[in-house]
Amino acid sequence: MRARKIVTAVAASATLVAGLAVTGQASAAVTGDARAGDATRFHRQTLDWHRCRTGRGDEIGEALDAAGAQCAEVTVPLDHRRPGGRTVSVAISRIKATDPAARRGVLLINPGGPGGSGLPRPLLGRLMPEVAARYDLIGMDPRFVGRSTPIRCRWTTDTPTRSAGPTRRTFDESVTLMKELADGCAKGGRDLLPYASTRNTARDMDVIRAALGEPRLSYLGYSYGTYLGAVYTQLFGSRADRFVLDSAVGPDVYGPDLLSANGPAIDAALGNWAAWAAARDAEYGLGGTRADVLATVERVDRAAARRPLRVGAYRIDAHHVPYLLFVRLYDDSAKAYAGFAAEVRTLAGAARGEAVTVPASLKETLDGLFTGSGPAEDRAGTPILCADRAASRDVEGYFRDIQAHRADEPLFGPMTRNLSPCSFWPSAPVEAPTRLGNDVPMLVVGADGDPVTPFPGQRAMHRTLTGSRMVTLRGAFRHGAYLAAGDTCVNTTVNRYLVDGVLPGRDTTCDKADAQ
């Protein structure tokens, strides 16, 4: 569930340099007896703040330094249930409140994923100056992500998301791949995998809060970050200040199969784009009606099922086409839709057997898909999903489910209902999933056409968190509403809550027509 497209001004930076190694000694100063089982020693640690740039080519570090940020490492237990044991480091960044006299506290920002690097997120302050004036903005690479003691899954792809394809043979190919990916993570950090859970990351957040000397924590989380924020409020509700959950994950579907019910929402988002493209047929040549554009997409998918499409140096088959469509539906802006139309035009040409020129954006996606280059958020996030909730190991059950939905979800069902590496994971979750349900006041925000975290799941999270209010961006087919959508109504409501603490008196709807 990638969130790297939420704010392109921040997300377009390079991959972080390799993180810190697991160690039995703290990389930040820890007071108290290191052999003791008392977790409070982690809360009392003194942080060593330093520049963020780690070396040549570290664009994120350079951007943070240029913005006046500081970075540090926080020492946390590998297993919070046994705080006297092994420790790991969690990398954080900080940009201090621009109006110290009006400072309220700290606001930790998580971009989602799971597996997304949060270290550059304080740079969002330039998009929310009123909030940046009141809070120290805190970024965090969650445990085992980026600079935080990374689990190095040995993959040659940046994501396990694949369609099962049209046949039993192609399904079996995906089974083989998922086994290989699970084995690659086992080789890269088997001893860490059991402790990659969201519960442990939420506990890390509370250590960060205490190490910063703050009695309470405010929070802005996108996508998977909404689940992380909800888990924090469940474990540490009295320490939660102002929490904003944008594009909320359904609390009952979160886990290895979290996309399994997404087919209809993705279809709806694809249809919205198809209508946009049809209105510009003279420019893109994909069809003059919504149905014609969708027929072009179907022809691409059928052609790839017959014979891999030659696109640059790569060969795209039925495993890849649904994924390539899905990842372009996170953003419904005209700029994003135009780029998507150009990519579909390329795929349509390849489906006709033409030699095609590959757009730079599509080449970047294909490079990650076939070589593992790029941010590798899914590679870092898969251990989190597998540690949070056990996946079914009934391979035939996945195949039966896909077959049962081929008629009503022919394009995306074989992708969203496919199995994942978690079905072959070398370790089981060491704790039960967190049962959510509390009355901590907070704000839930989202678009009603979100193809990644569909609206029914957002509403389910809102109902579960009984102290929350919900702001819905109506008529938007995108993932990420606050800041990302450019919607004055949404932004004003969220800013008022974060700055003044004013929750709407009731659930609120903002029409996409308000977007600038």
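In this predicted model, the largest cavity is lined by 27 residues. Pro-160, Thr-161, Pro-256, Leu-258 and Leu-259 are the lining residues that lie nearest the centre of this cavity. Its volume is about 360 Å³. By residue class, the lining of the largest cavity comprises 16 nonpolar, seven polar and four charged residues. Three helices, H11, H14 (377–388) and H16 (413–416), each contribute at least two residues to this lining. Of the elements that supply the lining of the largest cavity, H14 gives the most, with four residues.

The search of the whole structure returned three cavities of 30 Å³ or more. The second largest cavity holds about 60 Å³ of space. Its lining consists of Ser-197, Arg-199, Tyr-227, Ala-387, Asp-388, Val-430, Glu-431, Ala-432, Pro-433 and Thr-434. These residues divide into five nonpolar, two polar and three charged. Arg-199, Asp-388 and Glu-431 are among the residues of this lining and belong to the charged class.

Side chains of opposite charge can pair when their charged atoms come close. In the present model the count comes to 29 salt bridges. Three of these pairs are described below, with the accessibility of each partner.

The first pair joins Arg-478 and Asp-332, whose side chains meet in a salt bridge with an N to O distance of 3.2 Å. Arg-478 lies in the loop between strand E10 (468–474) and helix H18 (488–500), whereas Asp-332 lies in the loop between helix H11 (321–326) and helix H12 (334–351), so the pair ties together parts that are 146 residues apart in sequence. Both partners are buried: the relative accessibility of Arg-478 is 4%, and that of Asp-332 is 8%. Each of these values counts as buried because the cut-off is under 20% relative accessible area. The pair also belongs to a network of salt bridges that links Asp-331, Asp-332, Arg-478 and Lys-512.

In the second pair, Asp-79 forms a salt bridge with Arg-82, and the closest N and O atoms are 2.7 Å apart. The two partners fall into separate accessibility classes. Asp-79 counts as buried, at 7% relative accessibility, while Arg-82 is exposed, with a relative accessible area of 51%.

The third pair consists of Arg-53 and Glu-62, which meet through their side chains in a salt bridge of 3.1 Å, N to O. Here Arg-53 counts as partly exposed at 37% relative accessibility, and Glu-62 counts as partly exposed at 36%.

A further buried position is His-320, which lies in the loop between strand E8 (314–316) and H11. The relative accessibility of His-320 is 7%. Not counting residues up to four places away in sequence, His-320 touches Arg-162, Arg-315, Leu-369 and Phe-370. H11 thus recurs in several parts of this description: the helix follows the loop that holds His-320, supplies at least two residues of the lining of the largest cavity, and precedes the loop that holds Asp-332.

Technical notes:
Residues are numbered from 1 along each chain as its sequence is written. This is a predicted model: local features need pLDDT of at least 70, side-chain atom pairs count only at pLDDT 80 or more; totals for chains, interfaces and linings use all residues. Side-chain values use heavy atoms; hydrogens and water are left out. A salt bridge is a side-chain nitrogen of Lys or Arg within 4 Å of a carboxyl oxygen of Asp or Glu. Buried means under 20% relative accessible area, exposed over 50%, partly exposed in between (1.4 Å probe, protein chains only). Contact means heavy atoms within 4.5 Å. On a 1 Å grid over the protein atoms alone, a cavity is a set of points where a 1.4 Å probe fits but cannot get out, and a pocket is an open set with protein on both sides within 12 Å along at least five of seven lines; lining residues have an atom within 4 Å of a point. Grid points are joined across faces, edges and corners, and a volume is the space filled by probe spheres set on the points.
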